[in-house]
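Here are a few pocket exercises to work through with the model open in your viewer. Try each one before reading the solution.

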Amino acid sequence: MNENAMIIETIIKAVTILAVFSALAGFTTYIERKILAFMQRRLGPMHVGPAGVLQIAADGIKLFTKEDFIPQNAVKPIFKIAPVITAATAFIALAAVPILPEFILPFTDYVVRPIVADINVGILFVLGAMSVGMYGPLLAGMSQSNKWGLLGAARTVIQLLSFEVVTGLSLIAPLMMIGSLSLIDINNYQTGGLSDWLIWSQPVAFILFLIAGFAETNRTPFDLLEHEAEIVSGYATEYSGMRWGLFFIGEYANLFTVSFLVSIIFLGGFNPLWFIPGGIMILLKISFFIFLFLWVRAAWPHVRPDQLMWFCWKVLMPVAVINILITGIVLI
Amino acid sequence: MEQFKDRNVKDGYMFMEMESIPVEPWDKFKQVVRRTFKGELFVGLWVVFREMCRFDIHTTQYPLEKLPISPRYRAIHALQRHMDSGENRCIGCGLCEKICPANCIKIDTKIDENSRKEVGEYTINFGRCIFCGYCAEVCPELAIVHTDDYENASEQRAHYGAVDDLLTPMDIFKMGKQKEFMGFGAINDNADSNIKKTPTSY
């Protein structure tokens, strides 16, 4: 394959992923509102379109046409760039994630690998890009000259920094077994059907990573940074219109990234199972994890920031370290 | 009755058995482990999932569906017409004006050429009205009443407050659709089904 073809293919892939996941972020808000409503015996959005499906369009029009407001005392360039950082890093993280198994383009013999950049340190890159996303809320909170925003930013930083430790430590154990950081290799390690899934050999790491995933995507048991009763809307307090929308898209893209990571690392990724092809399998797993995120939001209350720190440093981190130790002993 | 009014702690009182708060580190650790593996969080997950599967939705889709309101409901006022003559029932006695705690009713009366009292202007200031219903209660002629029309949006409150707005429109009156206000002590249509057995003695 020559250089030009590869560049064009990469651009097409990147644009496709950007378009699909931006749209999915919007659609997930609809699903989220519906499922939360059903779990609370409500109907959710009903008026725009059949069963409220077009609510996303209404929300989109509202977000795009709303006044782009910048507070008087804000540090304007940083205030403007912060949401872009969140959204951009969320999509950059998706670049190293294999979305689907390889497939042949219909009517041609051209093999498409649905991953933008197959780098050999994929998982490291994804986690790194997601942690750079922390700068979005941090800069937003510090630049907007609003105490709620500042408190929200402080909470974001303590939460993300602490749970990155858990994410990293919980991933070391399965990576020790696989011996590669590439998400494709991790996926190929589990080709042998249900019994090869890493969740059976690394259940503790799976649970730790899932809990840390909830914290890193700021989902409900740990959504301290937007805790409405305490700090209004956290770092997004002064944002409106499309800048707020970018934070939103970034958050939902992160949600998908974490779902992909959990599915690929622990649940066999896009390997086919029984009669189900691999592409359908990964979609099923992603759907389940998105549903799990919404389900937990409907059922569980928040924790306090001190409880969160206690939980992270005194429970999850020791358990992760012990898990690494045991895995190491077993491997030797 | 005296025994019910005595709020002092007596022999009959029971104290709730509370879990003692752990002080020692080891006790705290045991509490954490107990709570972690008790599975209460999964009970929460199960409850919301069950409700989702049952799909027992309690939403009223308001503009399309409306809940029945009580016959005692006190929405915007109306002036009723005489059933036989079609004239305004109000005799201008001024009782509603007098009793109104918000002082929002204003009646202009005069003596007409037959030396009878005639009601000129009857206005209610809905910016001040607290919808207490005293005017409808005190009215000897059942003239000023509350309707069940709670969907009143307008550019001004004054659009509801003058005689022409309050008085039942003539065409509706001629169709016989002037509704009487059941008012105080009225019972719901489904009152019988709401009755529950209560003990007659305590």
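**Exercise 1.** Sort the lining of the second largest pocket in this predicted model into nonpolar, polar and charged residues, then find where that lining comes from.

*Solution.* Start with the chemistry: the lining splits into 15 nonpolar, twelve polar and eleven charged residues. Next, get the extent: the pocket holds about 1000 Å³ of space. It is lined by 38 residues, and Thr29(A), Glu32(A), Trp244(A), Phe248(A) and Tyr252(A) sit closest to its centre. Now for the elements: in chain A, helices H1 (3-39), H2 (55-65), H10 (228-231) and H11 (241-266) each give at least two lining residues. H11(A) is the top contributor, with nine.

**Exercise 2.** Which residues lie nearest the centre of the largest pocket, and which helices help to line that pocket?

*Solution.* Volume comes up front: about 2000 Å³ of space lies in the largest pocket. Count the lining and you get 45 residues, with Ile211(A), Phe311(A), Arg35(B), Thr36(B) and Leu41(B) nearest the centre. Map the lining onto elements, keeping those that give two or more residues: chain A brings helices H9 (203-216), H12 (278-299) and H13 (305-331), while chain B brings helices H2 (25-37) and H3 (40-54). The largest share, ten residues, is from H13(A).

**Exercise 3.** How many residues in the lining of the largest pocket are nonpolar, polar and charged?

*Solution.* Go class by class: 34 of the lining residues are nonpolar. Then come five polar residues and six charged ones.

How values were computed:
Residues are numbered from 1 along each chain as its sequence is written. Chains are lettered from A and ligands numbered from 1 in the order in which they are written. This is a predicted model: local features need pLDDT of at least 70, side-chain atom pairs count only at pLDDT 80 or more; totals for chains, interfaces and linings use all residues. Side-chain values use heavy atoms; hydrogens and water are left out. On a 1 Å grid over the protein atoms alone, a cavity is a set of points where a 1.4 Å probe fits but cannot get out, and a pocket is an open set with protein on both sides within 12 Å along at least five of seven lines; lining residues have an atom within 4 Å of a point. Grid points are joined across faces, edges and corners, and a volume is the space filled by probe spheres set on the points. Helices (H or I, at least four residues) and strands (E, at least two) are DSSP runs, numbered from the N terminus. Ala, Val, Leu, Ile, Met, Phe, Trp, Tyr, Cys and Pro count as nonpolar, Asp, Glu, Lys and Arg as charged, and the others, Gly among them, as polar.
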